[in-house]
Amino acid sequence: MKKPLRTLGAAVVALAAPALLTLPAAADTRGALAKVETRLGNDTTLTLAVGSAGYDRRYGPDYRYGLNPWGQSDREVRALRRDAEHACRQAIRYEARQIGFRDVDIDDDIRLRQTGAYSFVLNFREVEFESKHRDIETRVMCETRRGQVVSLSGVPRAPLPGKGKGPRW
C-alpha cells in the first residue's frame, strides 16, 4: 500500500527527483542552461535550470585539472621550487664569501613566486651576514630561471667600511 503525501515539500521532492537525475545528462558542456519542466497541476509547473551561462571559464575545454597556468603539476612545481631555493642559497653564500663575510645565516622565512614555466622570484626575509666586527641583517631578492640564478639583490657590499677585508676580485 502506498502512503499518501501529506506535505507540499515531499510532493515537490518526489516530482523533482526524476528531473534532478536527468539534468546532468542534459547539461551542455559549453555552459548553456539545461531546463527540465514538470507539471504539478493545471496552473502549476516546476522548472529546474542548471548551467553556468558561460561565466565559469576555468573549466573550459583548455582547462586541465590539477595543473598550474604553465601546465605543471604540484609535484613538478615542488621540485622546481626546491632547485630554485637551493641555487639562491648557494649564490648568496658564494657572494658573501667573495665580499669578505665570514658566515651567512639564512632563515626559513622565504616568499616564493613563480613568474614563468621555469622562473621564480624568491624573497629571503631575514639573511644575517656575519663579519669580524659586526652582523648585518637584511632582505635578499633572488631571481632564477631554469635552476640558475639570474639576479641577486640586497647583499651588502662590504662587511664594515674601512675595516676588514675588502672585495676579493
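Which residue meets E95 in a salt bridge, side chain to side chain? Keep that in mind while you read these notes; the reply comes in point 4. Please remember throughout that this is a predicted model.

1. Let's start with the disulfide. A search of the whole structure turns up 1 disulfide, and its partners are C88 and C142, whose sulfur atoms lie 2.0 Å apart. The pair links distant parts of the chain: C88 belongs to helix α2, C142 belongs to strand β6 (residues 135–145), and 54 residues separate them in sequence. If you are new to the term, a disulfide is a covalent bond between the sulfur atoms of two cysteines. The link of C88 and C142 is left-handed, with -80° about the S-S bond. Try to find both cysteines in the view above; C88 and C142 are both buried.

2. Next come the aromatic rings. The count is 1 aromatic pair, made by F101 and F129, which is tilted, with 5.3 Å from centre to centre and 45° between the planes. Those two values are the usual way in, since a pair of aromatic rings is described by the distance of the centres and the angle of the planes. Here too, distant parts of the chain are linked: F101 sits in the loop between α2 (74–99) and β3 (103–106), F129 sits in strand β5, and they are 28 residues apart. Buried or exposed, where do F101 and F129 fall? Both of them are buried.

3. Now for the charged side chains. Side chains of opposite charge can pair when their charged atoms come close. The count here is 5 salt bridges. One of them joins the side chains of R89 and D108, at 3.2 Å from N to O. This pair links distant parts of the chain, with R89 in helix α2 and D108 in the loop between β3 and β4 (110–114), 19 residues apart. The two partners are nicely contrasted in their surroundings. R89 has 14% relative accessibility, so R89 counts as buried. D108 has a relative accessible area of 69%, so D108 is exposed.

4. Here is the reply to the opening question. E95 meets R157 in a salt bridge between their side chains, at 3.5 Å from N to O. Distant parts of the chain are linked once again: E95 lies in helix α2, while R157 lies in the segment after β7 (148–153), 62 residues apart. E95 is partly exposed because its relative accessible area is 28%. R157, with a relative accessible area of 52%, is exposed.

5. A further salt bridge is formed by R145 and E143, with their closest N and O atoms 3.0 Å apart. Both partners can be placed by their accessibility. R145 is partly exposed, with a relative accessible area of 45%, and E143 is also partly exposed, with 22%. Salt bridges can share partners too: E85, R89 and D108 are joined into one network in this way.

6. Finally, take a look at S119, a residue that repays some patience. S119 is found in strand β5, which covers residues 119–130. Why does S119 count as buried? Its relative accessibility is 10%, and the cut-off for buried is under 20%. The side chain of S119 has two polar partners to look for. With the side chain of T115, S119 makes a polar contact of 2.9 Å. A polar atom of the S119 side chain also lies 3.0 Å from the backbone nitrogen of G116.

7. You can then follow S119 outwards along the chain. Leaving aside neighbours within four places in sequence, S119 is in contact with R113, Q114, T144 and R145. You have met R145 already, as the salt-bridge partner of E143. There is also a C-alpha to C-alpha value to check in the view: S119 and G147 are 7.9 Å apart in space, with their positions 28 residues apart in sequence.

Notes: Residues numbered from 1 in each chain as written. Predicted model: local features only at pLDDT ≥ 70, side-chain atom pairs only at ≥ 80, totals over all residues. Heavy atoms only, no water. Helix = DSSP H or I, 4+ residues; strand = E, 2+ residues; numbered from the N terminus. Buried < 20%, exposed > 50% of the residue type's maximum accessible area, 1.4 Å probe, protein only. Contact = heavy atoms within 4.5 Å. Polar contact = N/O pair within 3.5 Å; in protein donor to acceptor, adjacent residues only side chain to side chain. Phe/Tyr/Trp six-rings, centres within 6.5 Å; stacked < 30°, edge-to-face > 60°. Disulfide = S-S within 2.5 Å. Salt bridge = Lys/Arg side-chain N within 4 Å of Asp/Glu carboxyl O.
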